[in-house]
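This report describes the architecture of one protein chain for a reader who is new to structural biology. Please keep the sequence and the three-dimensional view at hand while reading.

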Amino acid sequence: MSNNPDIKHGQSVELLKELHILTRDGKLNQDSRRKLKQVYHLYQFIEPLLQAVQQDQADISLVDHGAGKSYLGFILYDLFFKKLNDKSRIYGIETRDELVTKSQELAQRLKFSGMSFLNLSVAESISSTQLPATVDVVTALHACNTATDDAIRFALQKKAKFVVLVPCCQAEVASVLKKNKGKSLGRDALTELWRHPIHTREFGSHVTNVLRCLQLEAHGYQVNVTELVGWEHSMKNELIIASYKGLPSGRPSKRLQEVMRELGLEEMSERFFTPKIAPEFVSQE
């Protein structure tokens with residue numbers, strides 16, 4: 001336990017030292033204070049979701065994609081899961097084997113028995129038998145390239161109650177916009193929004209997240225988009241939280257198709273699939 005006002009009550013000082021957020025003598029430097037602030041800010045959003053799951057059932061399953069050093073997973077476990085004393089579990093999904101091994105060793109050292117770390121890509125995790133058939137909460141923070149979209153696919157496949165995303169590296173849409181730019185420049189004045197390369201990149205990033213939100217809505221989720229406080233040094237500070245409510249899929253599905261058609265992104269319909277486009281994913285309506 002720590003008397004430091006920056007550290008939450010009940011937080012393991014030993015864990016924070018192991019994660020190199022605290023120095024060996026228990027001090028915080030400016031960089032680690034910012035890192036801790038970021039994770040705590042995220043925790044404020046995720047804690048109510050975990051409490052909502054608890055109201056319906058005893059055990060909670062959370063899968064964290066692109067876990068890296070698992071800062072989020074460890075702090076969630078330390079502040080929320082370790083006191084549950086049930087079959088609740090956090091799964092950290094990470095492709096770098098050395099980080100998986102380090103996280104496994106740390107969880108063992110701290111006796112965090114409800115944590116598992118799997119050396120898988122997000123795409124591989126969708127069909128992996130090492131994960132349960134259904135999952136309550138899915139998180140993906142700065143999962144690079146198309147991994148955020150794979151995390152959405154994972155959440156839909158696993159019928160997740162809640163999805164928490166901080167999107168990253170949205171280059172794919174921008175590359176399709178760039179490729180098809182010439183066709184639409186002459187006929188559509190709106191193409192001016194992404195005519196210049198820097199605008200293509202920024203507009204592509206924005207459109208990617210708009211499509212992700214519409215896709216989640218098309219699968220029955222209520223979606224909220226907000227900004228992460230304390231991430232000022234990063235441009236990637238958009239937070240998408242989706243809660244499954246069984247909402248009608250018709251309008252968001254139609255809007256998703258229309259946006260892709262207007263922007264010349266039809267070739268991406270498999271990535272931003274709706275229940276009608278991907279019948280193998282049964283609609284949860």
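## Helix α8 and its partner α9

The model discussed here is predicted. Helix α8 contains 22 residues and spans 31 Å from its first C-alpha to its last, close to the 32 Å expected at 1.5 Å a residue. After this helix comes G220, a residue whose phi is positive, near 95 degrees.

Helix α8 covers residues 197–218 and helix α9 covers residues 250–262; their axes come within 8 Å and cross at roughly 150 degrees. An angle over 145 degrees counts as roughly antiparallel, so α8 is roughly antiparallel to α9. The crossing of these two helices is left-handed. On the α8 side, the contact involves L211, L214, Q215, E217 and A218, which meet P252, S253, R255, L256, V259 and M260 of α9.

## The chain as a whole

The chain holds 9 helices and 7 strands. It has 285 residues, of which 53% count as buried. Among the contacts in the chain with a separation of 6 or more, 73% are between residues 24 or more positions apart.

## Helices α2 and α3

A second helix pair is formed by α2 (residues 30–56) and α3, which pack at an angle of about 55 degrees with their axes 10 Å apart. This angle makes α2 oblique to α3. The crossing in which α2 passes α3 is right-handed.

From α2, the residues that make the contact are K35, L36, V39, Y40, L42, Y43, I46, E47, L50, Q51 and Q54. From α3, they are Y71, L72, I75, L76, L79, F80 and F81.

## Helix α4 and its buried face

Helix α4 runs over residues 97–109, which gives it 13 residues. From its first C-alpha to its last it reaches 18 Å, close to the 18 Å expected at 1.5 Å a residue. Which residues of α4 are buried? They are L99, V100, S103, L106 and A107. Seen down the axis of α4, these buried residues fall within an arc of 130 degrees, and they therefore line one face of the helix. On the other side of α4, K102 and Q108 are exposed.

The buried residues of α4 are covered by several elements, including α1 (13–18), α3 (71–81), β2 (89–94) and β3 (115–119). Helix α3 thus appears twice in this account: it packs with α2, and it helps to cover the buried residues of α4.

## F117 in strand β3

Strand β3 contains F117. Is F117 buried or exposed? Its relative accessibility is 7%, and the cut-off for a buried residue is under 20%, so F117 counts as buried.

Leaving aside residues up to four places away in sequence, F117 touches S70, F74, G92, V100, S103, Q104 and A107. Of these, V100, S103 and A107 are also among the buried residues of α4. F117 and A107 are 10 residues apart along the chain, and their C-alpha atoms are separated by 9.3 Å.

## N224 in strand β6

Strand β6 spans residues 221–227 and includes N224. With a relative accessible area of 46%, N224 is partly exposed.

How far apart in space are N224 and L239, C-alpha to C-alpha? The distance is 8.2 Å, while the two residues are 15 residues apart in sequence. When residues up to four places away in sequence are not counted, N224 touches L239, I240 and I241.

## Loop residues with a positive phi

Most residues other than glycine have a negative phi. The model contains residues that depart from this pattern, N85 being one of them: it has a positive phi of about 60 degrees although it is not a glycine. N85 lies in the loop between α3 and β2, and it is exposed, with a relative accessible area of 79%.

K111 is another residue other than glycine with a positive phi, near 60 degrees. This residue comes just after α4, in the loop between α4 and β3. At 70% relative accessibility, K111 counts as exposed.

Note on methods:
Residues numbered from 1 in each chain as written. Predicted model: local features only at pLDDT ≥ 70, side-chain atom pairs only at ≥ 80, totals over all residues. Heavy atoms only, no water. Helix = DSSP H or I, 4+ residues; strand = E, 2+ residues; numbered from the N terminus. Expected span 1.5 Å × (residues − 1). Buried < 20%, exposed > 50% of the residue type's maximum accessible area, 1.4 Å probe, protein only. Arc of directions from axis to C-beta. Contact = heavy atoms within 4.5 Å. Axes fitted to C-alpha atoms, helices over the stretch in contact; angles between N-to-C directions. Parallel < 35°, antiparallel > 145°, perpendicular 65-115°, else oblique. Left-handed = near helix turned anticlockwise from the far one by under 90°.
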